[in-house]
Amino acid sequence: MAGRIPQSFIDELIARADIVDLIGARVPLKKAGHEYKACCPFHDEKTPSFWVSPDKQFYHCFGCGAHGTALGFLMEYDRLPFPEAVEELAGRLGLPVPHEAGHPGAGAGATADADAQRTRALHELLARVADYFHANLARSERARAYAQQRGLTAPIIERFRIGYASDSWNDVLRRFGTDARALRDLAAVGLIIERDAPAERSSSATSAAGADQDAGAGSAAAAGAGAGPGTAGGGEPVAADTAARYYDRFRDRLMFPIRDSRGRVIGFGGRVLGAGEPKYLNSPETALFHKGQELYGLYESRLARHTFERLLVVEGYMDTVRLHQHGLPYAVATLGTATTPEHVRRAFRLVSELVFAFDGDRAGRAAAWRALQVVLPEARAGREIRFLFLPEGEDPDSLVGREGGEHFEARVAAAMPLSEYLVAHLAAETDLAHADGKARFIALARPLLERVPPGVYRELLLERVAAQLALPAERLQQWLAAAGPGVPGVPAAPGAPRGAAGSPNASAAPGASALAAEGRARRSARPSGRGGLVTQAITLLLHFPASAAAVGEEQCARLARVEQPGAAVLAELLGQQAAEPAATLAQMLERWRDRHEYRRLCELATAATLVPDAAAAARELSEAVGRLLEREHGRRLQILIEKARLTALDAAEKLELQSLTLDQGASLGASRPLSAPPKLS
Ligand SMILES: [Zn+2]
């Protein structure tokens, strides 16, 4: 691994980069006031809602919510992992990327090169093994018979490069593990397993030498008839005792190479030929293979058609392959994991319609409900999400085999929309004939609705839920809003919350000018309840970084000790800005990329503020911080007074109380309109 890229370099990179140039080279931008706009590259639209701000070095789409810095854009648009996005941006600016000391003895650049080289070597190794498996299938009569029995045709076997791993404990090991380095690489990509490695239960403790093991040695080989012919004997260049530490992961399995979006093999899935267990076996997580991100068949889908509008997400490789074979080349599979948010985001970068297929049994229904919850945050206008439930006892493979591609496609076309599924599921869990049932329905629906980003989609979903309850949508909205403190984005009442239509000066968010009543009403009218002040202060600071100067060092230090969620973050942001007063929004955000607050900060950066300019922002920020400190002051005072009444104060507390009381006198004397004295009762 290369060493970490120092934060100071990211800072400099963002300071030097020009996001308008960068995005402009990929998306045609039009100047609009201080900013630039375009039709969003991340969702389908006819009128531009994608804005790029040169001042903030930030982009934001009001349609789909996409947003980020120059680095973020490269990661999203060019689909680069963070380090590669840094390399790309630095390359454009002619800056070498430094790495913090990683390996002793190697220069930082050399380490990065070595890393890239290693990755390439692993990809090549996987490709060679995939070729070998593929050729192996042609050679094995038994495997070919099995593939045929499963209905796989020669062209589809070719298109997916399906292969066969021999019924041997060391076929791959002997063929590809020719030296110590090769062994290490094979292990790194998960093709061989080290004996007695704790994670591998099936590792055979009885095996001694590198010779083939009998089927009895491991449960996974139970179906096999022991060592296949021609695989006996060691005698390869690697010392027998070294090779003997390992054995092949995949034995007697039909092999499905898993390829990334560029077509590189990153892992394998294996289906056992006979009745052995486990039926399906995947490569483990490796440096190249991340199950939660990859969709099997996506590369092949893109090969089959240049453009398509829909992806059908199924569970297995066999399902995927067979659906492709029957004229549904948009089928993809998750790889032995439930659907993840990353899967969904990947899919929506390519298509606007996503259909999930599930078995009709109980497990399938449970998986569907989990998928619904994962997909809700990605739901928005212009995207279609539907659920297909197969008849009990069927999977896509069996069904498409029996009734053919056209029938299956008709099922896909008739799949249940997300809104219908959601309502049907909740209705099945509640009794809507009674008021109690309705209340329960609302209670169950609320967290789900909250997961949907504000916008047309959420409105429609809300209307659908209201219709189910035979309630006017407005009533439901009121109930939802009343049910708890923050349902951000579910407006308390439709119509015109404050600041809606007439508010003259919009925020400085990119595209504020285009930020129609919708955004303003929803995003800015956040309740100023708990955490409201902190949130407001952070939002101001993000929009107008220079306003940080309005808060003094001493205030900042006191702020860091305020016991309120977010206060410490605010203090830290202020501190960072004080150290580098010229930093842009993009720089501020990049400093937080690896921290869990990052997401929330990005949200606030895209939220609207009604503050017109930096001077006003500075005034409001100063006031917000003042009020926060004042509240903290009152809170501490109250605690100490209460404690003094009940027990006794120690010396330090007495001192603190004294100083708090003095301060209070001072602040009462000062003419600050907003500072009501803290209530003591
Ligand atoms: Zn967009």
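Which residues in H22 meet which residues in H23? The points below take up this helix pair, then a sheet, then an aromatic pair.

1. The structure is a predicted model. In it, Cys556, Leu559 and Ala560 of H22 meet Ala567, Ala568, Leu570, Ala571, Leu574 and Gly575 of H23. Sorted by class, this contact of H22 with H23 has eight nonpolar residues, one polar residue and no charged residues.

2. Two packed helices are described by the angle between their axes and the distance between the axes. Helix H22 spans residues 553-560 and helix H23 spans residues 567-579; their axes come within 8 Å and cross at roughly 150°. Angles over 145 degrees count as roughly antiparallel, so H22 is roughly antiparallel to H23. The crossing of these two helices, H22 and H23, is left-handed.

3. Strands of a sheet pair through backbone hydrogen bonds, either parallel or antiparallel. Here an open sheet of five strands follows the order S1-S2-S3-S4-S5, and the pairing is antiparallel. Strands S1 and S5 (67-68) are the edge strands, each of them pairing on one side only.

4. At the S1 edge, strand S1 (residues 30-32) runs antiparallel to strand S2 (residues 35-38), and three bridges join them. Lys31 has Tyr36 in S2 as its bridge partner. The hairpin of S1 and S2 has two residues between the strands, and Gly33 in this hairpin takes a positive phi near 65°.

5. Strand S2 also pairs with strand S3 (residues 50-53), in the antiparallel sense and over three bridges. In this part of the sheet, Ala38 stands opposite Phe50 in S3.

6. Strand S3 is in turn joined by four bridges to strand S4 (residues 58-61), and the two run antiparallel. Trp51 stands opposite His60 in S4.

7. How many aromatic pairs does a search of the whole structure find? The search finds 22. One pair may serve as an example: the ring centres of Phe256 and Tyr317 are 5.0 Å apart and the ring planes lie at 25°, so the pair is stacked. The cut-off behind this reading is that planes under 30 degrees apart count as stacked. This pair links distant parts of the chain, with Phe256 in strand S9 (residues 253-259) and Tyr317 in helix H12 (residues 317-325), 61 residues apart.

Definitions and conventions: Residues are numbered from 1 along each chain as its sequence is written. This is a predicted model: local features need pLDDT of at least 70, side-chain atom pairs count only at pLDDT 80 or more; totals for chains, interfaces and linings use all residues. Side-chain values use heavy atoms; hydrogens and water are left out. Axes are lines fitted to C-alpha atoms, for helices over the stretch in contact, and angles run from 0 to 180 degrees between N-to-C directions. Angles under 35 degrees count as roughly parallel, over 145 as roughly antiparallel, 65 to 115 as roughly perpendicular and the rest as oblique. A crossing is left-handed if the near helix is turned anticlockwise from the far one by less than a right angle, and right-handed if clockwise. Contact means heavy atoms within 4.5 Å. Ala, Val, Leu, Ile, Met, Phe, Trp, Tyr, Cys and Pro count as nonpolar, Asp, Glu, Lys and Arg as charged, and the others, Gly among them, as polar. Two strands pair if DSSP finds at least two bridges between them. Rings of Phe, Tyr and Trp (its six-membered ring) pair if their centres lie within 6.5 Å; planes under 30 degrees apart count as stacked, over 60 as edge-to-face and the rest as tilted.
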